[in-house]
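Reader: Hello! I am new to this structure and would love a close look at one part of it.

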Amino acid sequence: MKLRTDLLPAEQVYTILANERRRRALEQLGSVGGAVTVHELSALVAGRETGESPPPKRCRESVYTSLVQTHLPKLEELGVIEYDRETQTIEVSRHARDVALYTEVVASAGVTWSELYRALGVASLTVVLAALLGVPLVSAADPVLLTSLALALFAAASAYQLWINRFSVLRQLRAGRNRAFRLRRRR
């Protein structure tokens, strides 16, 4: 596995995340999983802002204008999106993942993935140690069974995280495959 050395600096990520509309635009782009037009994105963002479906025309127009004039050029400049002005299409690029690392939250629980995995690890270790040390009730269960249950919880959490990030994961896999193909063609 190759470590990336071209990560966006934290200051640039904070600049991106400082604006709520920009955060919503990136969130919507990530959930779409492919190319989207500026009109489609503005409708998605306006819908999130108003909570209405479809959002009012005035709000869609306001979002569209701010995206085209401010947010999309900024995100493109930082390499977070690929924005084709001719076709008015947008797609997230590899630096979108750098920004997503700062916003990864398990929506329903309101915790980050790292906090979830840390809690699972500490709870699992505590339960298994309690079983091995003979703590009443817990020691009645086989430590191998408890360890298997803990591993199953980690697997379920990982599968869920992969599922909700599937578009990003697939995009990363395709990009890696394309890079490998280009390298082979050069030889």
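Could we take strand E3: how many bridges join strand E1 to E3, and do the two run parallel or antiparallel?

Author: Happy to. This is a predicted model, in which local features need pLDDT of at least 70 and side-chain atom pairs count only at pLDDT 80 or more, while totals for chains, interfaces and linings use all residues. Residues are numbered from 1 along each chain as its sequence is written, and side-chain values use heavy atoms, with hydrogens and water left out.

To your question: E1 (residues 36–37) and E3 are joined by 2 bridges and run antiparallel. Strands here are DSSP runs (E, at least two residues), helices are runs of H or I with at least four, and both are numbered from the N terminus. Two strands pair if DSSP finds at least two bridges between them. Threonine 37 has threonine 89 as its bridge partner in E3, and valine 36 has isoleucine 90.

E3 also pairs with strand E2 (residues 81–84), again in the antiparallel sense, over 4 bridges. Here tyrosine 83 has isoleucine 90 as its bridge partner. A hairpin links E2 and E3, with 4 residues between them. In that turn, glutamine 88 has a positive phi of about 60 degrees.

Put together, this gives an open sheet of 3 strands in the order E1-E3-E2, with antiparallel pairing. E1 and E2 stand at the edges with a single partner strand each, so one side of each has no neighbour in the sheet.

Now for the side chains of E3 (residues 89–92), which alternate. Ile90 and Val92 point to one face and are buried (under 20% relative accessible area, with exposed over 50% and partly exposed in between, using a 1.4 Å probe and protein chains only). Thr89 and Glu91 point to the other face and are not buried.

Ile90 leads us further inside. The largest nonpolar core (buried Ala, Val, Leu, Ile, Met, Phe, Trp, Tyr and Cys residues joined through side-chain atoms within 4.5 Å) has 25 residues. Those with the most contacts inside this core are Leu41, Val80, Ile81 and Ile90. Among the elements that give two or more residues to the core are E2, E3 and helix H4 (57–77). H4 provides the largest share, 5 residues. In general, nonpolar side chains tend to be buried together in soluble globular proteins.

Finally, leucine 41 is in contact (heavy atoms within 4.5 Å) with Ile90. Leaving aside neighbours within four places in sequence, the contacts of leucine 41 also include Val36, Leu67 and Leu72.
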